[in-house]
Amino acid sequence: MMASNTLDSAIGMRSPDELAPAPLIRVLNLQKHYHLADGVLGAGGKGLVKAVDGVSFNIRKGQTVSLVGESGCGKTTTAKNVLLVERATGGTITFAGQDVSTFDRLELRRFRRSVQAVFQDPFSSLNPRMKVLDIIAEPIDVHQPLSSMERKSRVAELMAKVGLGLAAGDSYPHEFSGGQRQRIAIARAMALQPELIVLDEPVSSLDVSVRAQVTNLLRDLQEETGQSYLLIAHDLAMVHYMSDIICVMYLGKIVEMASSQELYLRPQHPYTQALFAAALPYDPSQPIDNIVLGGEIPSPLNPPSGCHFHPRCPHAMPRCKEDPPQLQELASGHHVACHLHGNL
């Protein structure tokens, strides 16, 4: 487990002397394991899938922290645990300094108001039988009922923020484009003025032509409201544009964590370097690194010993097969879990 001061530097915390506020969300050594019945996925006996295995990061007010990695690395499972959709197997999640596992009914209700989500597919996440006005107002009706006039005024304000006219409130989700539906989902997530919004692949199902519009909308809203984001995404260009801190995950673990600019300029882990090499270059005039990873992503039911990445790593050493590397700080909040960098 990372020491507390090391973790704080990784997510941009100032020193105690500067009296920095506590993180809004602190995730410390989070674990989420699934027990499988006999014979599932070819397992001879009961299997254990370590979907998330010792993940730590902080999210401060107004900050965007992103989780990136290939499918199955544990990004969405981590988000579900932060949302309390699933209960963690181990580790702690604190919200505003309080362990969420200790929440009573009223505290849990406050948490639900303060933490909202926007999902990948705006069509499936919106009730097709409800008008847009009622969809956006639903969280308000549940948590802080308003008079009819106040309700309509609040919904009109939210729709204006996301670039939709009030007249659209009498329509149904199927009458809108994908980008417009995602705007509706964003307006609904903002209805209770949450402190944190979890964005789970918010633009991946949209046409390329509207991705930039929705991404810019999210940034503008964050600047206006001071909300924090936990972003789950595959689109590395969007991640770079949106993020303050980026955590790279592989088979349930964070293998590298740094500020957005630092990570894109100086990726240190071979897996991070391969991810960036596979993405479209930001500057076509720059040479492209040709990094090809061999093999497939190992099964989380039976991950490799030592460093989980070693079977695919072009720089693997004998030590990598036996000794799991720990996340260590290289410099200025840049952390990496890789034996290539020695014991710093």
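**Exercise 1. Aromatic rings**

Which residues form one aromatic cluster, and which of the aromatic pairs in this predicted model are edge-to-face?

*Solution.* Begin with the cluster, which is formed by Phe95, Phe103 and Phe111. Next, consider the search of the whole structure, which finds 6 aromatic pairs. A pair of aromatic rings is described by the distance of the centres and the angle of the planes. For phenylalanine 95 and phenylalanine 111 these values are 5.3 Å centre to centre and 85° between the planes. Planes over 60 degrees apart count as edge-to-face, and therefore this pair belongs to that class. The two partners come from distant parts of the chain, since phenylalanine 95 lies in strand 4 (residues 90-95) and phenylalanine 111 in helix 3 (residues 105-114), 16 residues apart. Both phenylalanine 95 and phenylalanine 111 are buried.

Now take tyrosine 250 and phenylalanine 309, another edge-to-face pair, with 5.1 Å centre to centre and 85° between the planes. Tyrosine 250 belongs to strand 9 (residues 245-250), while phenylalanine 309 sits in the loop between helix 10 (270-278) and strand 11 (328-331), so the pair ties together parts that are 59 residues apart in sequence. To finish, compare each relative accessible area with the cut-off for buried residues, which is under 20%: tyrosine 250 has 3% and is buried, and phenylalanine 309 has 1% and is buried.

**Exercise 2. Helix 6 and its two partners**

Describe how helix 6 packs with helix 4 and with helix 7, and state which residues make each contact.

*Solution.* Two packed helices are described by the angle between their axes and the distance between the axes. Helix 4 (residues 132-143) and helix 6 (residues 178-190) pack at about 30°, and their axes are 7 Å apart. Because angles under 35 degrees count as roughly parallel, helix 4 is roughly parallel to helix 6. Their crossing is right-handed. The residues that meet are Val132, Ile135, Ile136 and Pro139 on the side of helix 4, and Ile184, Ala187 and Arg188 on the side of helix 6. Sorted by character, the residues of this contact comprise 6 nonpolar, no polar and 1 charged.

Turning to the second partner, helix 6 and helix 7 (residues 208-225) pack at an angle of about 20°, with 10 Å between their axes. Helix 6 is thus roughly parallel to helix 7, and the crossing is again of a stated hand, namely right-handed. From helix 6, the residues Gly179, Gln182, Arg183, Ile186 and Met190 meet Val210, Gln213, Val214, Leu217, Leu218, Leu221 and Thr225 of helix 7. Here the division is 7 nonpolar, 4 polar and 1 charged.

**Exercise 3. Valine 248 and helix 10**

Is valine 248 buried or exposed, and which residues of helix 10 are buried?

*Solution.* First locate valine 248, which is in strand 9. Its relative accessible area is 0%, so valine 248 is buried. Then look along the chain: the C-alpha atoms of valine 248 and serine 66 are separated by 8.3 Å, although the two residues are 182 residues apart. Leaving aside neighbours within four places in sequence, the contacts of valine 248 include Val68, Leu263, Tyr271, Thr272 and Leu275.

Finally, examine helix 10, in which 7 of the 9 residues are buried. These are Pro270, Tyr271, Thr272, Ala274, Leu275, Phe276 and Ala277. The buried residues of helix 10 pack against helix 8 (236-242), strand 9, strand 10 (253-259) and helix 9 (260-265).

Methods. Residues are numbered from 1 along each chain as its sequence is written. This is a predicted model: local features need pLDDT of at least 70, side-chain atom pairs count only at pLDDT 80 or more; totals for chains, interfaces and linings use all residues. Side-chain values use heavy atoms; hydrogens and water are left out. Axes are lines fitted to C-alpha atoms, for helices over the stretch in contact, and angles run from 0 to 180 degrees between N-to-C directions. Helices (H or I, at least four residues) and strands (E, at least two) are DSSP runs, numbered from the N terminus. Angles under 35 degrees count as roughly parallel, over 145 as roughly antiparallel, 65 to 115 as roughly perpendicular and the rest as oblique. A crossing is left-handed if the near helix is turned anticlockwise from the far one by less than a right angle, and right-handed if clockwise. Contact means heavy atoms within 4.5 Å. Ala, Val, Leu, Ile, Met, Phe, Trp, Tyr, Cys and Pro count as nonpolar, Asp, Glu, Lys and Arg as charged, and the others, Gly among them, as polar. Rings of Phe, Tyr and Trp (its six-membered ring) pair if their centres lie within 6.5 Å; planes under 30 degrees apart count as stacked, over 60 as edge-to-face and the rest as tilted. Buried means under 20% relative accessible area, exposed over 50%, partly exposed in between (1.4 Å probe, protein chains only).
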